[in-house]
Amino acid sequence: MNLKLLVHTVSIVAFIIGLTQILAAGVAIYYADGSAISIIISSFLTMIFSAIVFMATKTDRHQELSLKDGFGIVGLSWFGASFFAALPFVFSGAIPEFTYAYFEAASGLTTTGSTILQDIEVVPKGILFWRSFLHWLGGMGIIVLSVAILPFLGLGGMQLFKAESPGPTKDKLGPRIQETAKLLWIVYVLISLACFGLLWAAGMSIFDAACHMFGTMATGGFSTYNSSVAHFHSPLIEYIIIFFMLISGISFSLHYRAMILGRPLEYLKPLELKIYLAIILLATVLIYYTRFPDQIPWEQNFRESLFQVVSIMTTTGYGTADFELWHGVAQITLLGLMVVGGCAGSTGGGLKVIRIVLLVKYLKTLLNQQLHPSGVFLVKLDRKRVPNRVVQNILGLFFTFILIHMGLSFLLSLFGTDLVTATTATLSCLSNIGPGLGEVGPTNNFAGFDSPSIWILSVAMIMGRLEIFSVLMLFLPQTWKR
Amino acid sequence: MRIVIIGAGEVGVHLAEKLSLENHDITLIEANSERAQKVQDAIDILVLEGNGASPEVLKKAGLENCDLFLAVTNMDEVNIVSSLSASRYNVPFKIARVSNMEFYDLDNFLAAKNLGTDLLINPEFECALQVSNLLKIPGSTDYAEFAGGDVILFGLAPTREADCMGKLLMDLKPNSEEAQFLICSISRNGETLLPKGDTLIQPGDMVYFIARRTELDPVYEFCGLERTPIRRVMVLGGSKVSNYLCQIFEKQNIRATLIEPNERKAEQLAEELANTLIIHGDVKDLDLLIEEGLKEMDCFLALTPDDEDNMLTGIYAKNQNVEHVIALLGRLEYIPVFKKIGVHTSVSPRVTVTNSILKFIRGGNITSAATIQGSQTEIMEFEVEDNAHVNGKPLRELSLPDDVLFGMVRRDHEDFIPNGNTVLQSGDHVVTITLSKDHRKIERLFS
């Protein structure tokens, strides 16, 4: 591991975090909410510090990033970025304790959307904006952003891109990785603008529309109100958010091909998308029926069921209803969706639909092999063979996911958390969703955890966002050997 | 005609043989010197040793005066490049053997047709098509299409209990005026008979019929057979033919089990085929065949590259009461033997491909042509032209050679079986049956 190069590159990411804080400062000045000074201070501190580090670690020698460096840089960048992103919360006094501020910042960047704020509505608007903006930055990926705007990352950018963007297979949209990163961000910005425009037109204030757009497009889930999206009492807004959560749960390179290149038929091709939509439909219908005894008007029932399903499946975590009160079947269904998550290449978290699809296909080949011992059965996707390496990787990830989930839940319970809360909070953080069940249900928040638990959950969120392996690598001694 | 053939593989040699028998001048180019020598010793043609895509070799082969160019090596690239060269030499007809299906896509500007070939052939695919066509008429041997596919020719062996057995043809319904189908040829002990009124159908005969595709039931009734569609198939050997065939099966919802001994090949097949069960195992492992359900199969296809393997497994399958067994044959000499042992249907890629090339060469007013395997019968479809000899006269007044039969006539989308009073008109399509040695006579009738 090339430590100098690693710190050098991480300092660039930190600088971007500092730079974007100016945007939040602008919002704070506009609304004169008193948080402007503290945001500006944290912004300049971040930028000056990272600039010094950048200069100090600069070398003339041209250096190539190795695969190892890629993992190290991405892992450290996310931990570092969360640190600097937490500064405005601490300085402004909105979240005075650093541990909780760090959790909030990590929750923002990893698009989890879990909060430790008890009363969101009293927090200054500049800070609320920063919180939501972190979602949007983290949604498409800060590293992908750096690769897109910084030409000198060059070839090594591929390693970084690989380590950060979710899913078992990566689409390259052009011959150069920088071009791919740029195109992905362009698509992301364009769809975001559409989402913002519609939310604004549907009656939100500019501020609310921007913050909810950030939360929706990044499948984050931070709201500006205590009662989340339910605050607006507007079916139209809920449907708009459902639609854009759905969009954000789909691969953005697919959006690029279909929308920008004008080939809408591309949407019909991938199996993953079909399964994604099928799962959402099925889960919605199931939950719709479990709520029959509640005697709610059918449209409201349908809307609330669909909203919760899409919100959980895409790992957004917005709420319009309290599913704590729902039937056990509905809760288990939602829990299942938490594990599945969005499509590969989307801003959603979780294991990704494609991995579940491939695991099921693999299971099928195992069963077939029992029936025909000398038969040849391959895992295939869209008529193409999936290499064994990829299937093994998914099996490994799935196992690691379960192991880490068990381990972290156990740690939480050591600090006095009950079973339901511990397991669902860990799952929610690992999948970057937001709400869980029990004490972290949709109407509750994470304020009740003590410091050690908060640190555990912060690590869980970053692990989940980087699909576990990138972070686990940081804990391997071999990674740090020269 | 001056003909240049590239590639002395199975297809190339068979073509050279067939065409030289029809008095064409043939130059064959082959890169492998051993094989080149062998062909030179066996057939009366000029053999050049060299790469078929090399400009020097092509020049030596005399492309300037060449009338027909056939590139039939087993390498697409060589075939395409050499026919591209041939089109630069202004050779009027260029035929290339291409197995990569992408070159057939006419929308692609790199499609082989756009690169200067007049006809593309894919022997393996045509062979697969032939087998799948045979299976559409369960129990049949040989299959050829006429009149754009509405009229078909096929062979069936009547059972001993069939009504037609031991009767004279003139007493039977077919070949009479109200007949729905026509008997065009009978194969008996390796000999070919063109049917006449006093011909007797005997046990063991293979009878060739011409009938409308939609009216096959009377033929089955005539032969005392029942027509049951095929649902389960076992395919032995994962050649290209099997690959194409299984793709066709998948489209027709026929469940296929394919057995391939080579592990990498088996994996590749599993990758390319969606719903076919691929088994990796020895094709001669009879226990494996039984375990994978040989006894429940409607049809067994032995398509390995080895004739002997195909023969032995074919007999075994027949013994296990598999109703239809088709074996792929490289050597035509085996065909009568196969027929005798009950594996009564067999196909070979070089025959199917020779048929399509002969069809193309004859061109002109011949719209379709076929040969019956292992026999000397040729079936051709002519279009009657204004100045043809046959135009405007009742058939009985034409001085027809002895061994010529007129099968179906298609006029204004109607198919009928002609008799002595039929007057052919220009624009009619006529299916004729002759022995191979007489086909020039019949071509003269229609010129």
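**Strands, helices and contacts in a predicted two-chain model**

Me: In this predicted model, which kind of β-α-β unit do E1(B), helix H1 and E2(B) make?
Reply: Helix H1 of chain B covers residues 10–21. Together with E1(B) and E2(B), H1 makes a β-α-β unit. The two strands pair in the parallel sense over five bridges. The handedness of the unit is right-handed.

Me: How many residues of strand E1 of chain B are buried?
Reply: Strand E1 of chain B spans residues 2–6. The strand is mostly covered. Of its five residues, the number buried is four.

Me: Which residue of E4(B) stands opposite Val4(B)?
Reply: E1(B) pairs with E2(B) over five bridges, and also with strand E4, residues 68–71, over four bridges. Both pairings are parallel. On the E2(B) side, Val4(B) stands opposite Thr27(B). On the E4(B) side, Val4(B) stands opposite Phe69(B).

Me: What is the strand order of the open sheet of six strands in chain B?
Reply: The pairing in this sheet is parallel. E1(B) pairs with E2(B) and with E4(B). E2(B) is joined to E3(B) by four bridges. The full order is E3-E2-E1-E4-E5-E6.

Me: Which strands stand at the edges of that sheet?
Reply: An edge strand here has a single partner strand, so one side of it is left without a neighbour in the sheet. From one strand to the next, the twist averages 15°. The edge strands are E3 (46–49) and E6 (119–121) of chain B.

Me: Which residue of E3(B) does Thr27(B) stand opposite?
Reply: Strand E2 of chain B covers residues 25–30 and runs parallel to E3(B). Thr27(B) stands opposite Val4(B) in the pairing of E1(B) with E2(B). In E3(B), the residue opposite Thr27(B) is Leu46(B).

Me: What angle does the direction of helix H2 of chain B make with that of E3(B)?
Reply: Helix H2 of chain B, residues 33–42, packs on the sheet. The helix touches E2 and E3 of chain B. Its direction makes an angle with that of E3(B) of about 170°.

Me: Which residues of strand E15 of chain B are buried on the side that holds Phe300(B)?
Reply: Both faces of E15, residues 299–302, are covered. Cys299(B) and Leu301(B) are buried on one side. On the other side, the buried residues are Phe300(B) and Ala302(B).

Me: What is the bridge partner of Ala302(B) in E16(B)?
Reply: E15(B) is joined by four bridges to E12, residues 232–236, and by four bridges to E16, residues 324–328. Both pairs run parallel. Towards E12(B), Leu301(B) is the bridge partner of Val235(B). In E16(B), the partner of Ala302(B) is Ala327(B).

Me: Which helix lies between E15(B) and E16(B) in their β-α-β unit?
Reply: E15(B) and E16(B) are parallel. Their β-α-β unit is right-handed. The helix in it covers residues 307–319 of chain B and is H10.

Me: Is Thr304(B) buried or exposed?
Reply: Thr304(B) sits in the loop between E15 and H10 of chain B. Its contacts beyond its sequence neighbours include Leu236(B), Val283(B) and Asn310(B). A residue counts as buried with 20 or more other C-beta atoms within 10 Å. Thr304(B) has 23, so it is buried.

Me: What separates the C-alpha atoms of Leu328(B) and Pro305(B)?
Reply: Leu328(B) is in strand E16 of chain B. With 25 other C-beta atoms within 10 Å, Leu328(B) is buried. Pro305(B) is 23 residues apart from Leu328(B) along the chain. Their C-alpha atoms are separated by 7.8 Å.

Me: How many residues of chain B are in contact with chain A?
Reply: Chain A contributes nine residues. By class, these are three nonpolar, three polar and three charged. The number of residues on the chain B side is twelve.

Me: What is the bridge partner of Gly375(A) in E14(B)?
Reply: Strand E1 of chain A, residues 375–376, runs antiparallel to strand E14 of chain B, residues 277–280. Two bridges join them. The partner of Gly375(A) is Ile279(B).

Me: At what angle do the axes of helices H2 and H3 of chain A cross?
Reply: H2(A) covers residues 36–56 and H3(A) covers residues 67–92. Their contact has seven nonpolar, four polar and no charged residues. The crossing is right-handed. The axes come within 8 Å and cross at roughly 145°.

Technical notes. Residues are numbered from 1 along each chain as its sequence is written. Chains are lettered from A and ligands numbered from 1 in the order in which they are written. This is a predicted model: local features need pLDDT of at least 70, side-chain atom pairs count only at pLDDT 80 or more; totals for chains, interfaces and linings use all residues. Two strands pair if DSSP finds at least two bridges between them. Axes are lines fitted to C-alpha atoms, for helices over the stretch in contact, and angles run from 0 to 180 degrees between N-to-C directions. Two residues are in contact if their C-beta atoms, placed from the backbone, lie within 7 Å. Ala, Val, Leu, Ile, Met, Phe, Trp, Tyr, Cys and Pro count as nonpolar, Asp, Glu, Lys and Arg as charged, and the others, Gly among them, as polar. A residue is buried if 20 or more other C-beta atoms lie within 10 Å of its own, exposed if 12 or fewer, and partly exposed in between; C-beta atoms are placed from the backbone. A crossover is right-handed if, with the strands pointing away from the viewer, the path from the first strand over the helix to the second runs clockwise. A crossing is left-handed if the near helix is turned anticlockwise from the far one by less than a right angle, and right-handed if clockwise. Lists of a residue's contacts leave out its neighbours within four places in sequence.
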